[in-house]
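Subject: Two-chain model, handover and notes

Hello,

Here is the model I said I would pass on. My notes follow it, beginning with a question about one helix.

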Amino acid sequence: MIIFFTLLRREIKRFLKVAIQTVVSPIVSSALYLLVFGVSLGGSVSLNNGVPYLTFLIPGLMVMGLINNAFQNSSSSIVTSKFSGDLEDIRVAPIPHYYIVWAMGFGGVFRGSVVAIVTGIVGAIFHYLQLGTFISIEHPLWMIYFFIAGGLTFAFIGIGIAFLAKTFDQLSAFSAFILLPLTYLGGVFISIQNLAPIWQTLSKWNPLFYLINGFRYSMLGQADVDLPISVAISLFGVIVTFFIALFSLTKGSFSRW
Amino acid sequence: MNKNLALDIQKLRKTYIDKDSKQSVEALKGVSFSIKSGTIFGLLGPNGAGKTTIIASITTLEKPSSGDVLVFGESVLSNPLKTKRAVGVVHQEVINTGFFDLNEILDFQSGYYGLYKNKERCDYLLNKLSLWEHRHKKTRQLSGGMKRRLMIAKALVHSPKLLLLDEPTAGVDVGLRESLWKFVTELKAEGLSILLTTHYLEEAEQLCDQVAIIHKGEVLFDGHSTDVISKYALKKFTIFLKNGTKNEFEESTQMGLNEVLMKHNIQLSDIQDIKIEEGKLEKAFAKMVAL
């Protein structure tokens with residue numbers, strides 16, 4: 001356990017040392033989204049279920065902050081270590097691979113959750129100023145579940161990509177061409193009920209759609225997908241990505257770039 | 001299985017595909033040697049001979065194509081977690097951890113080996129390696145020599161039984177080199193077994209109980225360093241005669257002055273002065289590699 005906690009402590013200390021870049025800057029961008037979409041444009045968007053757009057947007061942005069930062073944390077930790085050579089220290093020490101995967105996974109959950117929670121607090125302030133009410137958290141335990149499941153899944157993906165990537169380009173390509181579109185089309189900003197049927201069907205193939213809606217359900221008590229389906233699919237996501245991360249440690253390279 | 005051997009390299013082969021030429025390259029061609037517990041072993045060879053590949057195979061950074069490495073009788077392939085605990089390694093290239101200071105680096109390093117509250121050992125090493133006053137600095141603020149010493153401190157936090165030093169004195173000034181040699185000798189006195197790779201033959205000659213000379217992935221010689229010298233190196237005799245001429249002869253290290261004089265038909269009474277240079281490993285090495 002000492003080994004696991006050392007690795008986890010290292011992950012957390014690392015991102016806190018560069019907190020401006022790892023925590024403050026994602027919060028600033030979330031605040032801008034809230035301001036532009038939620039507050040300024042929000043009044044002109046109407047959702048079928050009568051939920052104000054700002055209320056709908058806050059959990060979406062929280063999940064976006066969670067998964068982006070979980071992914072960034074593990075992938076940038078590995079990539080910077082590949083440049084500096086630190087990974088060799090980990091490789092030559094008697095550390096089973098699954099410790100590394102879990103420690104980096106929870107490191108991602110931690111950073112992702114910090115960003116998501118602060119985004120939620122900023123959102124709650126906007127919510128109060130705009131609508132005069134506090135945003136509710138209907139199912140706090142499910143919310144914790146989605147924090148952990150979403151954070152782990154994307155931290156694990158970050159591990160997988162960072163270990164298997166041969167160049168920095170490959171890493172940013174994944175971020176730009178896969179992660180970003182899936183997030184934007186997964187229901188952060190929109191409810192699929194407002195979409196044409198073909199887009200509704202396509203959205204259902206996006207695994208992120210279930211995570212975002214599960215999280216939204218835990219906060220608002222309603223979403224586009226039933227809770228059990230969201231829970232099951234996000235759990236499945238954790239398991240599959242865990243094995244991808246584990247595989248990447250076996251197949252990927254610990255050596256320097 | 002011999003537990004008296006700190007390290008037993010058995011017919012180690014490593015082949016890889018060169019990315020540029022797409023051709024298969026044999027980095028190690030069935031290398032075998034062993035290190036007795038409590039001794040210093042010098043692995044000598046020019047750049048690209050395969051020294052670092054051998055180190056990487058011991059630490060599992062590289063997987064050998066065939067053969068095995070035993071650390072105190074345990075295979076690094078079938079029991080890596082156990083062998084890794086016994087080994088400390090100082091890599092050739094300095095690791096620059098950007099985020100943390102020296103205290104944190106050694107603390108994490110201890111944690112990787114499952115050690116909690118290892119501060120006493122870390123502080124001892126910081127002191128011993130003259131890094132104490134720099135303990136709050138980050139690696140980029142350290143000089144080249146300090147970075148090297150930090151690498152050594154990192155390798156020793158968990159009190160390994162076998163220490164691998166991959167060219168620890170490359171690019172290090174004379175003063176520091178000598179203090180490192182002294183430190184290595186002290187470590188040996190504590191019972192540590194040490195594998196040292198180096199280009200500096202003088203270093204091997206002074207420090208090592210045994211040496212192996214490796215070239216193009218093959219062991220050319222394995223034995224005591226003085227044996228290498230006597231077998232391959234030549235003693236240089238410079239004889240100045242009273243008539244002003246100077247004669248230079250290179251002869252086997254076993255040859256005495258008398259035999260040399262007899263061989264070259266020189267009378268003792270004709271001699272003004274004589275200079276004899278002992279055979280150096282350096283010469284032996286150059287001769288072997290040229291073979």
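What should the 23 residues of helix α2 (residues 19-41) of chain A span at 1.5 Å a residue, and how far apart are its end C-alpha atoms? The expected span is 33 Å and the end C-alpha atoms are 30 Å apart, which agrees. Please keep in mind throughout that this is a predicted model.

Chain A: two helices

Helix α2(A) is bent by about 25 degrees at Ser25(A), and a proline, Pro26(A), follows within four residues. Ser25(A) itself counts as partly exposed because 13 other C-beta atoms lie within 10 Å, and a buried residue would need 20 or more. Between the C-alpha atoms of Ser25(A) and Ala245(A) there are 27 Å, with 220 residues separating the two along the chain. The proline after the bend, Pro26(A), is one of the buried residues of α2(A); the others are Ser30(A), Leu34(A) and Gly38(A). Among the elements that cover these buried residues are α3 and α5 (97-131) of chain A.

Helix α7 (residues 168-184) of chain A can be described in a similar way. Its 17 residues reach 23 Å from the first C-alpha to the last, close to the 24 Å expected at 1.5 Å a residue. A bend of about 30 degrees is found at Ser175(A) in α7(A).

Where the chains touch

On the chain A side, 21 residues are in contact with 20 residues of chain B. The elements of chain A that contribute two or more residues to this side are α1 (2-17), α3 (53-84) and α4 (86-92). By type, the chain A residues that touch chain B divide into 9 nonpolar, 5 polar and 7 charged.

Chain B: overall

Chain B contains 10 helices and 13 strands. Its C-alpha atoms fill a box of roughly 75 × 45 × 40 Å along the principal axes. Of the 291 residues in chain B, 39% are buried. Among contacts in chain B with a separation of 6 or more, 69% come from residues 24 or more positions apart.

The domain assignment gives chain B a domain 1 made of 5-93 + 160-229, and a domain 2 that covers 235-290. The centres of domain 1 and domain 2 of chain B, taken over C-alpha atoms, are separated by 35 Å.

Chain B: strands

One open sheet of chain B has 4 strands in the order β2-β1-β4-β5, with antiparallel pairing. Its edges are β2 (24-36) and β5 (74-75), each with a single partner strand, so one side of each has no neighbour in the sheet. The partner of β5(B) is strand β4 (residues 66-71) of chain B, and these two pair in the antiparallel sense over 2 bridges. In that pairing, Val71(B) stands opposite Glu74(B) in β5(B).

Elsewhere in chain B, strand β11 (residues 234-241) and strand β12 (residues 246-252) run antiparallel and are joined by 7 bridges. Lys236(B) stands opposite Glu250(B), which is in β12(B). The two strands β11(B) and β12(B) form a hairpin with 4 residues between them, and Gly244(B) in the turn has a positive phi of about 95 degrees.

Chain B: individual residues

Two residues of chain B that are not glycine may be worth a look for their backbone angles. Ser159(B) has a positive phi of about 45 degrees and lies in the loop between α5 (144-156) and β7 (162-166) of chain B. Ser159(B) is partly exposed, with 13 other C-beta atoms within 10 Å. Lys216(B) also has a positive phi, near 45 degrees, and lies in the loop between β9 (210-215) and β10 (218-224) of chain B. Lys216(B) is partly exposed as well, with 15 other C-beta atoms within 10 Å.

The last residue in these notes is Gln206(B), in helix α7 (residues 201-207) of chain B. With 16 C-beta neighbours inside 10 Å, Gln206(B) counts as partly exposed. Its C-alpha atom is separated by 8.7 Å from that of Trp181(B), and the two residues are 25 residues apart along the chain.

Regards

Technical notes:
Residues numbered from 1 in each chain as written. Chains lettered and ligands numbered in written order. Predicted model: local features only at pLDDT ≥ 70, side-chain atom pairs only at ≥ 80, totals over all residues. Contact = placed C-beta atoms within 7 Å. Nonpolar A, V, L, I, M, F, W, Y, C, P; charged D, E, K, R; others polar. Buried ≥ 20, exposed ≤ 12 C-beta atoms within 10 Å, placed from the backbone. Domains from an automatic or database assignment. Expected span 1.5 Å × (residues − 1). Bend = angle between axes of the 7 residues up to and from the residue. Pairing = 2+ DSSP bridges.
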